Amino acid sequence: MKKRILFIAALSIAFLFGCEEDQTSNKFLTEEEEAVIMEDAASDNVIEAMDYEVDYYSSSRETIEGINEGNKKSSQWIRWRYADGVGPAVTVDPIGTAFPKTITIDYGDGIELVNGRIISGEIIIEISDRPLKDGATREITYQNFYVDSVHIEGVATRTFAGTRDTERVFNNVSDLTITFPDSTVIYRNSERTRTLVDGFETLFRHSDDAIMIEGFVDYETSNGKTFSKNIINPLIKTGVCRFITEGTVSFTLNGENFAELDYGDGTCDDVATITKDGETRQITIGRRLKRFWRR
């Protein structure tokens, strides 16, 4: 499939000022602080797209078995997820009930999602045991992998902690390198807990999912800048909204905390508020601050 880049959906933060406000003499955040929030949002956006793919193809024994059997529910999910109703080439080795297993998801030169996003390359998942068995691990490697034109490489490990029917908790550790289309390179190390709080009764339908995210993310740029995000109140991501709808995070730059971001009350929109030095302003999710970290 010819790779078509419909848009570069790297979310970030663009600030809304009043028409008469002097933006040069009364800037709310410094350019460097804006870049921190923008790069984090852009990174999170592509990570969430990756996570959905990994979760679907490897988070339950039924799904893994269904890949080989081509069951009806799996086919329905593929039609819902992919624009042309054709999903990636997926192989499982070995087939059957034995573990460990290796799942290879091959998107080739590009497969379009229903939201217009293009995914290409390969995801390789090494599964130690039945996915919903306490302590089971999944080691995920990305090879020549892109979300739109954002390149992701590295390794992530997920460990299941919980029960099959009442509590689905995944502890995630990742060490990734993210390269944006403007050649900006971000090194991203994270430790997060993702809890599926709603939707686990409907395995093949993600529209009713609600995921709670806790933990932290550390970043380093190719020119040595460091920044971090710590989740203060759990973030909520639903299957029907491309944005995080609830939660609060704090941001640090070179070890110093400078602002807190509040994603809202659960409404699906691109509006959030940021607080710095006791002052709060509304922001909207928009473009990245391109090229800043390349200076």
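The following questions and answers go through the confidence, strand pairing and aromatic contacts of a predicted model.

Visitor: What is the average pLDDT of the chain?
Guide: The model is predicted, and local features need pLDDT of at least 70, side-chain atom pairs count only at pLDDT 80 or more, while totals for chains, interfaces and linings use all residues. Residues are numbered from 1 along each chain as its sequence is written, and side-chain values use heavy atoms, with hydrogens and water left out. Taking pLDDT as the predictor's confidence in each residue, from 0 to 100, 78% of the residues score at least 70, and the chain average is 80.

Visitor: Over which residues does pLDDT stay under 50?
Guide: The model has 72 contacts (heavy atoms within 4.5 Å) beyond four places in sequence for this stretch. The stretch where pLDDT stays under 50 is residues 1–26.

Visitor: Which residue stands opposite S250 in strand 13?
Guide: Strands here are DSSP runs of E with at least two residues, numbered from the N terminus, and two of them pair if DSSP finds at least two bridges between them. Strand 12 (residues 246–253) and strand 13 (residues 256–265) meet that criterion with seven bridges in the antiparallel sense. They form a hairpin with two residues between them, where N254 in the turn has a positive phi of about 50 degrees. Within this pairing, the residue opposite S250 is E260.

Visitor: Which residue in the turn between strand 13 and strand 14 has a positive phi?
Guide: Strand 14 (residues 271–276) runs antiparallel to strand 13 and is joined to strand 13 by three bridges, with L261 standing opposite I274. The hairpin of strand 13 and strand 14 has five residues between them, and the one with a positive phi, of about 110 degrees, is G266.

Visitor: How many aromatic pairs does the whole structure hold, and what angle lies between the planes of Y142 and F145?
Guide: Rings of Phe, Tyr and Trp (its six-membered ring) pair if their centres lie within 6.5 Å, with planes under 30 degrees apart counted as stacked, over 60 as edge-to-face and the rest as tilted. By that rule the search finds six aromatic pairs. Y142 and F145 form a tilted pair, 5.4 Å centre to centre, and the angle between their planes is 45 degrees.

Visitor: Which two residues form a stacked pair?
Guide: The stacked pair has its centres 4.7 Å apart and its planes at 15 degrees. Both partners are buried, meaning under 20% relative accessible area, where exposed is over 50% and partly exposed in between (1.4 Å probe, protein chains only). The two residues are Y219 and F227.

How values were computed:
Helix = DSSP H or I, 4+ residues; strand = E, 2+ residues; numbered from the N terminus.
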